[in-house]
Amino acid sequence: MKATGVVRRIDDLGRIVIPKEIRKVLRIKEGDPLEIFTDKEGEVILKKYSPIGELSEFASGYAETLSKTTGHIACITDKDTVIAVSGTSKKEFLEQDLSQELEQLMDDKEVYISKENNEVAIPVTKNENNERKLNSQVVYPIIAQGDVIGSVILLSKDQKTKMGETEQKVVESAAGFLGSQMDI
């Protein structure tokens, strides 16, 4: 655990303020849920809560099925990171922070389909450089109780592949199913 040197007092309602710098680094916004853990040494640990993260094992299996069925790379994300990937090297995507473009798509509850070969795919992670290896994709938000909690993404490495209605319906079904699992 890393010390920050910041000390805060608990107010009369039992609240503490998480410093702005820490919230910025950890990408914690107003209204974001936090999980609270304690350990034997009396430490209190706050962790950003990811509802879809609870389904990460299930999401991995679903991504694998999507990849095998479509022949494309399948990624499932929460609001911050890629939680499941199949059809490519996991280290390229798994547990990587999402790109601003993808976060914006989710915030806007937008579906994205790159249909033409000349239309490059949006970056999935922050670490992707401008040398695009993937040129066609479908992105669909996972919505639970009216809020976006992640996304399902299909990507293709084949330059000739055009994502169409079939891929959109497959990704839409996956996102709908995962969202419904959170409502249970």
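Which side chain does K79 meet in a salt bridge? The partner is D107, with N and O 3.0 Å apart. A salt bridge here means a side-chain nitrogen of Lys or Arg within 4 Å of a carboxyl oxygen of Asp or Glu.

## Before we go on

What you're looking at is a predicted model, where local features need pLDDT of at least 70, side-chain atom pairs count only at pLDDT 80 or more, and totals for chains, interfaces and linings use all residues. Residues are numbered from 1 along each chain as its sequence is written, and side-chain values use heavy atoms, with hydrogens and water left out.

Helices (H or I, at least four residues) and strands (E, at least two) are DSSP runs, numbered from the N terminus. As for cover, buried means under 20% relative accessible area, exposed means over 50%, and partly exposed is in between (1.4 Å probe, protein chains only).

## The sheet

Let's start with the strands. Five of them make an open sheet in the order β4-β3-β7-β6-β5, with antiparallel pairing. At the edges sit β4 (82-86) and β5, each pairing on one side only. Two strands count as paired if DSSP finds at least two bridges between them. In general, strands of a sheet pair through backbone hydrogen bonds, either parallel or antiparallel.

Take β7 (147-156). This strand is mostly covered, with nine of its 10 residues buried. β7 pairs with β6 in the antiparallel sense over nine bridges, and five bridges join β7 to β3, again running antiparallel. If you want to trace the β6 pairing by eye, P141 stands opposite S151 in β7, and S136 stands opposite S156. For the β3 pairing, look for A74, which stands opposite L154 in β7.

## Two positive phi angles

β6 and β7 form a hairpin with two residues between the strands, and in that hairpin Q145 takes a positive phi near 55°. Q145 is not a glycine. It sits in the loop between β6 (136-144) and β7 and is exposed, at 66% relative accessible area.

K109 is another residue to look at: its phi is positive too, about 55°, although K109 is not a glycine. Find K109 in the loop between α4 (100-107) and β5 (112-113). With 43% relative accessibility, K109 is partly exposed.

## Salt bridges

Side chains of opposite charge can pair when their charged atoms come close. How many salt bridges does a search of the whole structure find? There are four.

Back to the opening pair, where the side chains of K79 and D107 meet. K79 lies in the loop between β3 (73-77) and β4, while D107 is in helix α4, so the pair ties together parts that are 28 residues apart in sequence. K79 is partly exposed at 28% relative accessibility, and D107 is partly exposed at 45%.

Another one joins E64 to K68, whose closest N and O atoms are 3.2 Å apart. Both residues lie in helix α2, four residues apart, or about one turn of the helix. E64 is partly exposed at 38% relative accessibility, whereas K68 is exposed at 65%. There is also a bridge between R15 and D11, at 2.8 Å from N to O. R15 is partly exposed at 48% relative accessible area, and D11 is partly exposed at 29%.

## Aromatic rings

Searching the whole structure turns up three aromatic pairs. Rings of Phe, Tyr and Trp (its six-membered ring) pair if their centres lie within 6.5 Å; planes under 30 degrees apart count as stacked, over 60 as edge-to-face and the rest as tilted. One of the pairs is F58 with F177, which is tilted, with 5.8 Å from centre to centre and 40° between the planes. F58 lies in helix α2 (residues 56-70) and F177 in helix α5 (residues 165-183), so this pair ties together parts that are 119 residues apart in sequence.

F58 is partly exposed, with 36% relative accessible area, and F177 is partly exposed as well, at 33%. Add Y62, and ring pairs link F58, Y62 and F177 into a cluster.
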